Amino acid sequence: MLYKGLQLDGFQTEAIAAINRDTSVIVTAPTGAGKTVIAEYAVEKCLQENRRVIYTAPIKALSNQKYRDFYAEYGDKIGIVTGDVVLNPYAQVLLMTTEIFRNTIFDDIERLQDVSYVIFDEIHYINDIERGTVWEESLIFAPQHIKFVCLSATMPNIKPFAEWMQSVRDIDIEIVEELERPVPLEHHLYFQGYGIGSIKHITALRNRARRDARKREFDLSDDKPVKPLPTDFTETRLIPYLHRERQLPCLYFCFSRKGCEANASALVFGSQLELLNKKQKAEIVKQFDELCVQFDITAEKKVAEFRKLVSCGIAYHHAGMLPTLKEVVERLFTSGLIQLLFTTETFAVGINMPACSVVFDSLEKFDGIDFRYLKAREYHQMSGRAGRRGIDTIGYVYSQIVPAYTDTGEIKAVVTDKVEPIESQFNLSYSSILNLYQKYGDDIYDVYTMSLSNHQNRVRVTELNKQIEDKTEKLQALPEPECIHDGIDATEQMQKHYRQERKQKKNLQRLYAEMSRIKSQTRGKKRKKERAKRIKVVHQKINRLQTSREQSLCEECQHLQTCTSRYKTIRNEEARLQKLKKRSTLIENHPRQQIAARLKVLEELGYTETQTLLPRGRTAAHIYGYEVLLTQLLFSGFFERLTEDEINCLMVAIVSEPRKDGYFKPLKDERLLEILYAVSSEISSIQYLEDKYNVTEITPMLELRLCTAMLAWSRGCEFDKLEKYAHLDAGDFVRTFRLVIDQLRQIRRAMAGHTSLVDKLNRCIEKINRDVVDAERQLRIGQDNLDEITAEDVANVNASSSVTREDLDNAEAEDTILTSS
């Protein structure tokens, strides 16, 4: 089948056929296989048939990219709604995050009555611990007339997933599964300091690395001949090798922002790195200058440094950068002139920017709690960016490891083709529970039976029940102790025997501890008599305890060893059986218990009563995130009493995540500190109820580190002055301020009809939503035509930069071999 001039693969044709039959379809295929074509066909078909379609993406950057792509082709038929941007919200094709779609289901389901298809890009996000429940709730509660196109990376349990989805959807669901990549991948290990090999070389390189480390540590001169490395091992530095073998451009994944920046700077400023020829350098700098003018970031501090990087064909990309600068990098990478991009893993999500090769700086990362090895799913999501369809015949993947400390088993588990199955993360928030309680009342517990969690747990419980049955049979078949004394139950006698033994041991331990305490308290010659006297008393107690011990029938019995062995075997099996039963009960009941626990909290706070929502409940049902705390503050009059700047300060304290490091300017405004203290007391009251009813995820406390920065921004401070108030990456300032805007918009919607408060909230938003924080402005600028940029604008960039045109003219015309990795 031909589509847009391209010959489609079999799985693409199969999925399109399912769409033509007006069914839902789940498509699972490796990253880079071409799943996006299927979504584009669904959009085009709906446009031709004058039907509405919603395209959801897991991250805002992907929503923005899809909006720009579709807008370029279809113009005003395209709209977008995210937490940051609302453009043309009643368009025929609407781009949105999955959270917005779920919220629409609960808030205004009538708006979805004319929607024919919903496209879920990256549906495997249903596995995400924090956000996965949103995908699950969307699939369960969306109107039944809606059909779904679900696009996913490789999903090993696709059939059970489809069975669950079919159980909650009326329209037929078809499965299309593709396991082969159009561009095959070669996976290699880069042994830091040695060269390129594979898993089979780990042992030899580990021994060599440890020997070299000992020699360096103890300054040894070893005359023994060094065992040569395997003949199929390539001794080289990595980046020069990629350059020589024409395996650029490369996505180089680092799992820290500092790592991205340090690696990029080291290659540009610490080596003779030449990845671009004279013509390419001039072209990429020209594009960079034009984009900086277009996005109005020529005065930003990072731009001059970045200009030097991109002139060498190198850049970095991470969440701490200004969103506008990130977009400049993305556009430059799409041009094919950036040869080496150091980036964090977010670049692997959805954004269609493949490379010839992918490098992992490490196969371990910090997950917020501890360092761990990557999961196979994470590895394949990122490595799948290697190999450009229609350009490369092979994609190359290199994972850097430190040979002296490498765990072979862990490395194999990461790079294996066996990807982890999708697991449900179903976890109803307070607002979801309120919306469902309003609709279902006490039948809300039946809602859980519709979840993927329940579907998967039924399988787990069935397996556990089989194990329980097997354990019970095994337990019943075990030989029991037999007592030689008439009329004595052997098992009860053994229990009594060991109970006496434990009691005797405990009493002796207590007395010996008392003896040690006496010795410690009566040190020295002067207290020798006192020490001896007190110790003698303790010895007497020990003797009485040993002589007065009740004689057990089991002592000195010739069958004691046999009975003990049988008794302990039975007790161990009983303990294992109880553990299985407890686990089965927990899996079966825990989700329902959590719904009940949250309902009890809501009831005590005055949100529900006899299967109906009270005013607080109706308000909280329209707020997603911090809904209980915000509703309590709204009904306590906080928002009426506070000024716009104070509201913004309070909101940033609510949405900010705790940070352990970095400077921040303390808040000294006594009025504000009193307000924040009162809010903290409100949070403590909520936490008390959550603890009382065993709610697993409690309401977080306030985080005050960005309060002074928000106050300054709300009062008109320039963006580059914010670093005086907190040491934070520019991208983190922007993201946190946008979170505040999103939350304020939700409160505004929940309080519709309260005119004075809505007006105040509008003023709050206006104070924050300006300059680089304004996401809608960024999206609109991104659509502007570069032809409008004047030569004078570009000249201004050149004048402020550390790299001049003369520098570029002096660059060598041909690429040189790299000398450093």
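This passage describes two sheets, the helices packed on them, and several side-chain contacts in a predicted model.

One open sheet contains 8 strands. Their order is 6-5-7-4-8-9-3-10, and the pairing is mixed. Strand 6 (86-87) and strand 10 (173-177) are the edge strands. Each of these two pairs on one side only. Within the sheet, strand 5 (residues 78-81) runs parallel to its partner, strand 7 (residues 93-97). The two are joined over 4 bridges. One position shows the register: Gly 79 has Leu 94 of strand 7 as its bridge partner.

Helices pack on this sheet. Helix 3 (residues 60-74) touches strand 4 (52-57), strand 5, strand 6 and strand 7. The direction of helix 3 makes about 165 degrees with that of strand 5. Helix 6 (residues 158-168) also packs on the sheet. Its contacts are with strand 3 (24-28), strand 9 (147-152) and strand 10. Helix 6 makes an angle of about 165 degrees with the direction of strand 10.

Another open sheet is likewise built from 8 strands with mixed pairing. Here the order is 13-12-11-20-17-14-16-15. Strand 13 (234-235) and strand 15 (314-317) each have a single partner strand, so one side of each is left without a neighbour in the sheet. Strand 11 (residues 185-191) and strand 12 (residues 195-197) form an antiparallel pair over 3 bridges. In this pair, Phe 191 stands opposite Gly 195 of strand 12.

This sheet, too, carries helices. Helix 9 (residues 257-269) touches strand 14 (250-253), strand 15 and strand 16 (340-343). Between the directions of helix 9 and strand 15 the angle is about 170 degrees. Helix 13 (residues 376-383) packs against strand 11, strand 14, strand 17 (357-360) and strand 20 (395-401). The direction of helix 13 makes about 140 degrees with that of strand 17.

Strand 20 includes Ser 399. The relative accessibility of Ser 399 is 0%, so this residue counts as buried. Beyond its neighbours within four places in sequence, Ser 399 contacts His 188, Leu 189, Tyr 190, Phe 360, Leu 363 and Tyr 379.

A buried residue also occurs in a helix. Gln 594 belongs to helix 20 (residues 560-604). Its relative accessible area is 8%, and Gln 594 is therefore buried, as the cut-off is under 20%. With neighbours within four places in sequence left aside, Gln 594 is in contact with Asn 694, Val 695 and Thr 696.

Aromatic side chains were examined next. The whole structure holds 21 aromatic pairs. In one of them, the ring centres of Trp 713 and Phe 719 are 5.8 Å apart. The planes of these two rings meet at 85 degrees, so the pair is edge-to-face. Both residues are buried: Trp 713 has 0% relative accessibility, and Phe 719 has 11%. The pairing extends further, since ring pairs link Trp 713, Phe 719, Phe 733 and Phe 737 into a cluster.

Charged groups also lie over aromatic rings. The charged end of Arg 770 sits over the ring of Trp 713, at 3.6 Å from its centre. Trp 713 thus takes part in the ring cluster and also lies under a charge. Elsewhere, Arg 598 lies over the face of Tyr 430. In that case the distance to the ring centre is 5.8 Å.

Notes:
Residues numbered from 1 in each chain as written. Predicted model: local features only at pLDDT ≥ 70, side-chain atom pairs only at ≥ 80, totals over all residues. Heavy atoms only, no water. Pairing = 2+ DSSP bridges. Contact = heavy atoms within 4.5 Å. Axes fitted to C-alpha atoms, helices over the stretch in contact; angles between N-to-C directions. Phe/Tyr/Trp six-rings, centres within 6.5 Å; stacked < 30°, edge-to-face > 60°. Buried < 20%, exposed > 50% of the residue type's maximum accessible area, 1.4 Å probe, protein only. Lys NZ or Arg CZ within 6 Å of the ring centre and 35° of its normal.
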